[in-house]
Each structure stands twice: as structure tokens, then as C-alpha cells.
Amino acid sequence: MQSINPAVLIASLYVFALAAFLGYQVISRVPPLLHTPLMSATNAISGISLIGSLVIAGMNKVDFHALASGGTAAKPSVATLLGFVAVTTATINVVGGFGITDRMLKMFQQRKNVKGGSK
Amino acid sequence: MEQVGVNYFLEFTYLIASVLFILGLKGLSHPESARRGMFMAEAGMAAAVFGTLFHHDIHVYEWIILGLVAGSIIGALMAIWVPMTAMPQRTALSHAFGAIAAALVGIAEYTLHGGATMPGFTRGALGFEVMLGALTTTGSLIAAGKLQGVVRGTPVQFKGQQVLNLVLFGSMVGCFIYTIIHPEASLFFYAMAGLGFLFGVMLVIPIGSADMPVVMSLLNSYAGLAAAATGFVLGNNVLIIAGTLDGFSGLILSILMCKAMNRSITNVLFGGFGAVHHEAGPGATGEMREISLDDAAVRLAYASKVVFVPGYGLATAQAQHAVRDLASALEERGVTVKYGIHPVAGRMPGHMNVLLAEANVPYGDLYEMEQINPEFPTTDVAVVVGANDVVNPDARDNPDSPIAGMPILEVDKAKSVIVLKRGQGRGFSGLENPLFFKPVTSMLYGDAKSSLAQLAQEVKNV
């Protein structure tokens, strides 16, 4: 069993804690008016898991761990297939999520004919 | 040597993406800056994806291109064709897509490397990712089915359900812990994933449609946290950051939604609201006064201030444009028109705002509950369109009511109230609403869309 480099682990936890703090600060300022776009936007952004699926879908079929343990070539190809499905669903989220967020945000407009300060 | 350069390039695109994501969400603090913010986030995403294509582990591009093209086409079609009234279903579906991507990446990582070669911490993060991903996938699919009407919207409950759920959850966590202690036990890993998928279904079927805003927010949070866990597994910071932002956004929204219903998250998840309470107290009695279209139109036309209170019925009747037409007709006569939006009106956070914005209602006219409540005593007519629980005075007056303590839009304090309702039946929660029996209230029965259209016509003719 390998052990993880503690420096890397600690750095990851720092990133997590700071992102949580920042996320709380940024997202509490979003008005209820925009809560639906917020949900679809964060959804699109978390479609960044696409980059994880890309690597798995594009991995070389020769897997060194499987080779070393005398494994078959079938194992990596299952992973490739899972990676492919993940690439597809994550891309749907990214493209669909950003697309629909923009479509919604386009609709939010201020009163055009200025009759008194409407705020 | 060259590889080191590529790695730096890769990490740099991730850093850019992280910064742009945060700036993008910051843009959402105001409608004016929101679109610009989203362009930044899109640029960040493009940078990260482009950078990843140079990852040293990628050797075959066929599957990648196929997935990217297929996903883009489906995503673009969804973005263009999904109507605004179906936004809750679409969002639930996208939680499912995000979650299944995380779950599949986790399972793929496991099949590639096996548990035994991973450090304990990575195995934990991987298990967490797969578990959350699996339960969010099926949970979101059920939620989407309920919202679309494919799955029965009423809570599905049976004897021993909570015990069964507890056993399922316990076995799932048990498998999770077992795989951490015994890395080579792959059977338990797959059992954990399967239990996760099953638990997601069981978690959402007992929840009623009226509680969907909370469920949607929670699933949003889970999907984000699953992505963050993926980041820990892969040691990828941009994944951790984006997933955490998503997770916390969902968490904040869940808390806001629960506050707006005066309930706890556990109560929503295990309460099965809308099915258990048979008769809460004596229930309101009396006579409902019906009003004719003509009378309603006259009353509206000669008012000086009118407040519209939309609810989920507005979405089901697709009546957002009809409301806007009536409002325009009234404004032309010099009537002040405002809209009072309850945080849990509709089926997801902000649902009503999006619908009204689609009908070209300026966002300056949309008021939050705290802003509009002090205005009701000076309001001549409050028009309730397809809303029920959010205007139920029992929440304020009757401590025995199942929704006691839930903050409401106090339309009953207006000088008069017109309630647009399809029939005399109860709302989604099945609760009797004493508002309908109050002397200030008049009922206008019929389909909201056609009633509103006729009202607009009548108002023009007054």
C-alpha cells in the first residue's frame, strides 16, 4: 500500500477549506432573484469533472498495473467506456448548463422606458 | 524536459479556470453583471478543457471527440429547446448527469488501479465520490421524473420505510468503511456503488412535490461534493474548487429554502410532508365568495396598487405572459403593479423570477417576501395566481397547523384579495387554506391563463 505525500494532502485540504469559505462569501451575495441561474451556473461549473473523464477516456489501452499483475486488456477498456459516458454527460452539463444560464440571464432586464427610479 | 513544460501549461490553465469560475459566480450578485460573469466562467472552462487535451496520460482521442461532440449536441439542444416552465426538471436532470460523471470516473479509477495500490486517503475520497455520485444520480432522476409527472408526485410511503432506508444507508456506509480497511475487497466496492444507486431512489420517493425546492438544492450540493471528492482522488485543485463552490452553493440554498418553510432538513427528508397529516385541527370553514370576471376587472382597473403573488400554478398554467399582459393593461391606466415572490414558490429556488423575467417583467418589479409584506396594508388588490401554502394565514395564526411558523406573504392584510384557482380543491400539500374564507377574499375559478387574458381584455374596455 502506497502512502500519500502529506504535503500534497495538506495542500488539497487547504484548497478545499479556502474554496468553501470563498464560496460561502460569494454565493451569499447572490440575490434570490437569480437563484435559478445560480443553480444552473454552479452545475455547469461543476461539469469541470469533465477534465477527469477526458483523461480516463483517452488513456492508453496498455495499462501498466494490469500488465504487471498479468491482467487482461479488458479491464482498461471498461474504464475507457465508463470514461466515454462520463465525458458525454459532463459535456451535456457544461454546454447545456452554460447555454441555459445565458438564456435565462438574457431575460432579466431593467425597465426600458425610464419612468421614475424603479429599483 | 518537454513534459515538465506541458505540465506547467496544464496547471496554469487550471489556475486560470479557478480564478475565472470565482469571478463568474461573483458576477451573479447582480443581474447587470451576471452575463459578463458567465462569459468569464465559460472562458475558464474552455481553457481547462483545452489544457487537459495535452495531459500526458491521454493517448487515444477517438472516444474523447465522440463524447465531446455527442455531449455538445445534446447539451445545446437542451439549452435551446427546454421551456422555462420545465427548468426544475432540466436542473434535476443535470444534477443526475454531473453525479453520474463523478460516479463513473470513480469506478473507472478503481477498475484501472484497484484498491490495493491506492493510499488510504485516496481510497476514502474515491468511496465518498462513488457513494455520493451514485445516490445523487438516481435521486435526481426520481426528482426529475416527479417534476415532469412521469413518476407519481405524491409521497410514496409504506410501513417500515424509514427502517429500510436506515438499513440501506448503514450497509452502504459499512461497505465504504470495509473497502478502506480491506483495499482488495472489490466486491464490497461495487456493492457500495449499487447500494448508493438504490438508496438515492429510496431517499427521494417519500418526498412530496411541494418540498422539491429543498430536495433540488440538496441534490445540487451532493453533486458538487461528489465532484470535489473526484478532485481529491485525482489530486486536481480546479476540481476541488469548482466542486466545493457547487456543493456550498447547494448547501446555502438548502438552508435558505428550509428557513423559508420553517422546517429542518431532516424533517424534509424523513417527514414525508403532504401525506401524513390527515386532519390538522378543525380546519377552516365558511363560505367562499366567488367573483365574476367583470367585477374583478373593475376592481383591478380602479385600484391604485395591485400586487401579484405567483405560485407553482402559474408555471403549470403557463400563465406568465398572461400576467404580464394584465399588468401592462393596468399600468397603462396608472395602476402601480408589483410582484411578491415567496422563496419557495414554485419547484426550485428562484423559479418564479425566471418565469416572470421570461414574460419581460422588469426585475425591479419583483419583490422578495420581506420587502413586499409591509406593503400589503396599502395594497388595494392582491392577486394570488396558483399559490396556496405561501399565502396560508394558518402558518402565522394556527400553532397546530403542519406549516405553523412558515413565513408567508401576508396577502390577507391587503384591502382585498382575488384568488385565481382552478377549482375548489385543496393545494398540493392537501391543506385547507383559511385565506379563501376570509371576508376580504374573492375567488375567481377557472384556468389561470384564460382568466388573466380575459381580465386584461376587460380592463382595457373599462
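**Salt bridges and a surface patch in chain B**

Over all chains, the structure holds 11 salt bridges, and since we are looking at a predicted model, please take everything I describe this morning as computed from that model. As general background, side chains of opposite charge can pair when their charged atoms come close.

Let me begin with B:Asp211 and B:Arg263, whose side chains meet in a salt bridge with an N to O distance of 2.8 Å. This pair links distant parts of the chain, 52 residues apart, with B:Asp211 in the loop between helix H7 (186-204) and helix H8 (212-234) of chain B, and B:Arg263 in the loop between helix H9 (237-261) and helix H10 (265-271) of chain B. Are these two residues buried or exposed? Both B:Asp211 and B:Arg263 are buried.

My second pair is B:Asp380 with B:Lys415, where the side chains meet in a salt bridge at 3.4 Å, again N to O. B:Asp380 sits in the loop between helix H15 (369-372) and strand S4 (381-385) of chain B, while B:Lys415 sits in the loop between helix H16 (394-397) and strand S5 (416-421) of chain B, and so the pair ties together parts that are 35 residues apart in sequence. B:Asp380 has a relative accessibility of 19%, and it counts as buried because that value falls under the 20% cut-off.

The third pair is B:Asp397 and B:Arg396, which form a salt bridge whose closest N and O atoms are 2.9 Å apart. Here B:Asp397 is partly exposed, with a relative accessible area of 46%, and B:Arg396 is partly exposed too, with 32%. These two residues belong to a network of salt bridges that also links B:Glu410, B:Asp412, B:Lys413 and B:Lys438.

Let me turn now from charged side chains to nonpolar ones. Which residues form a nonpolar patch on the surface? They are B:Tyr61, B:Ile65, B:Val69, B:Ile73, B:Leu77, B:Ile80 and B:Trp81, and together they have about 750 Å² of accessible area. One of them, B:Ile73, lies in helix H3 of chain B, which covers residues 62-81, and at 49% relative accessibility B:Ile73 counts as partly exposed, because over 50% would be needed for exposed.

I will finish with B:Gly120, which is found in helix H5 of chain B, residues 120-148, and which is partly exposed, with a relative accessible area of 29%. Although B:Gly120 and B:Pro183 are 63 residues apart in sequence, they are 8.2 Å apart in space, taken from C-alpha to C-alpha.

Methods:
Residues are numbered from 1 along each chain as its sequence is written. Chains are lettered from A and ligands numbered from 1 in the order in which they are written. This is a predicted model: local features need pLDDT of at least 70, side-chain atom pairs count only at pLDDT 80 or more; totals for chains, interfaces and linings use all residues. Side-chain values use heavy atoms; hydrogens and water are left out. Patches are made of residues with over 30% relative accessible area and no salt bridge: like charges are joined within 9 Å, nonpolar side chains (Val, Leu, Ile, Met, Phe, Trp, Tyr) within 5 Å. Accessible areas come from the Shrake-Rupley method with a 1.4 Å probe; for residues, only the protein chains shown count as cover. A salt bridge is a side-chain nitrogen of Lys or Arg within 4 Å of a carboxyl oxygen of Asp or Glu. Helices (H or I, at least four residues) and strands (E, at least two) are DSSP runs, numbered from the N terminus. Buried means under 20% relative accessible area, exposed over 50%, partly exposed in between (1.4 Å probe, protein chains only).
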